[in-house]
Amino acid sequence: MVKDNETVIKEFNELINMTSSELEAWLKEEQSENSGWDKGDGSGETVGHESGRKIIQILDKNPDKDPDQYDEDDLQHMRKVVSYCKRHLAQEEKAKQNTDSKSYKSLKNWGHDPLKT
């Protein structure tokens, strides 16, 4: 069953616990580039790193989190982010225990800092 947009927006805003500037600073760190799956386009960027850049755009575009200000592209990516974060948070307790783990770094690339929860 597909979640309605209202639920996706609510869950996105609950799961993304990093500010735009925190996420931007994190994505500039070398360690953020080495976790996750390569996009496979020759750029060397991971899927999660690209996602983080899209999350920054969403946060910057709508800092007040007004549900009416999200477009279909935003909602599509927000749905992907919610799915990723929920799945990985349910599976990977080590993300909270080991900041050197790929799980921790990957979740941060997706805008969720496990140490903030």
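Let's start with Asn-17, whose side chain reaches the backbone nitrogen of Asp-113 at 2.7 Å. Bear in mind that this is a predicted model, so please take each distance I quote as a computed one. Asn-17 is found in the loop between H1 and helix H2, the latter covering residues 20–28. Is Asn-17 buried or exposed? Its relative accessible area is 18%, and with the cut-off for buried set at under 20%, Asn-17 counts as buried.

Now a second asparagine. Asn-109 lies in helix H6, residues 102–109. Here the relative accessible area is 0%, so Asn-109 is buried as well. What does its side chain meet? A polar atom of the Asn-109 side chain lies 2.8 Å from the backbone oxygen of Ser-32. If you have the model open, have a look at the surroundings of Asn-109. Leaving aside neighbours within four places in sequence, Asn-109 is in contact with Leu-23, Trp-26 and Leu-27, then with Ser-32, Ser-35 and Thr-46, and finally with Gly-48, His-49, Ser-51 and Gly-52.

Let me step back to the overall fold for a moment. How many helices and strands are there? The protein has six helices and zero strands, so to speak α-α-α-α-α-α when you read from the N terminus on. The C-alpha atoms fill a box of roughly 35 × 30 × 30 Å along the principal axes. For 117 residues, a compact globule would have a radius of gyration near 13 Å, and the 14 Å of this protein agrees with that. Of those 117 residues, 43% count as buried. Looking at contacts with a separation of 6 or more, 61% come from residues 24 or more positions apart.

On to helix H1, which spans residues 5–15. At its start, a side-chain oxygen of Asp-4 reaches to within 3.0 Å of the backbone nitrogen of Glu-6. Which residues of H1 are buried? They are Val-8, Ile-9, Glu-11, Phe-12 and Leu-15, and these buried residues pack against H3 and H4.

Staying with Glu-11, let's bring in Ser-83, which is found in helix H4. The two are 72 residues apart along the chain, yet their C-alpha atoms are separated by 9.6 Å. Unlike the buried Glu-11, Ser-83 is partly exposed, with a relative accessible area of 37%.

One backbone detail deserves a stop, and that is Lys-65. Where does Lys-65 lie? You will find Lys-65 in the loop between helix H3 (47–61) and helix H4 (72–91). Most residues other than glycine have a negative phi. Phi of Lys-65, however, is near 60 degrees, a positive value in a residue other than glycine. As for its surroundings, Lys-65 counts as partly exposed at 37% relative accessibility.

Last, a word on the surface and the charges. The accessible surface of the protein comes to about 6900 Å², and 47% of that belongs to carbon and sulfur atoms. There are 18 positive and 25 negative side chains, with the centres of the two sets 5 Å apart.

To close, let me return to the two asparagines. Asn-17 reaches the backbone nitrogen of Asp-113, while the side chain of Asn-109 has a polar atom 2.8 Å from the backbone oxygen of Ser-32. Thanks, everyone, and I'm happy to go back to any of these spots.

Note on methods. Residues are numbered from 1 along each chain as its sequence is written. This is a predicted model: local features need pLDDT of at least 70, side-chain atom pairs count only at pLDDT 80 or more; totals for chains, interfaces and linings use all residues. Side-chain values use heavy atoms; hydrogens and water are left out. Helices (H or I, at least four residues) and strands (E, at least two) are DSSP runs, numbered from the N terminus. The radius of gyration is taken over C-alpha atoms; the globule rule is 2.2 Å times the number of residues to the power 0.38. Buried means under 20% relative accessible area, exposed over 50%, partly exposed in between (1.4 Å probe, protein chains only). Contact means heavy atoms within 4.5 Å. Accessible areas come from the Shrake-Rupley method with a 1.4 Å probe; for residues, only the protein chains shown count as cover. Lys and Arg count as positive and Asp and Glu as negative; His and the chain ends are not counted. The place of a charge is taken as NZ of Lys, CZ of Arg, CG of Asp or CD of Glu. A polar contact is a pair of N or O atoms within 3.5 Å; within protein, one must be able to donate a hydrogen and the other to accept it, and residues adjacent in sequence count only if both atoms are side-chain atoms.
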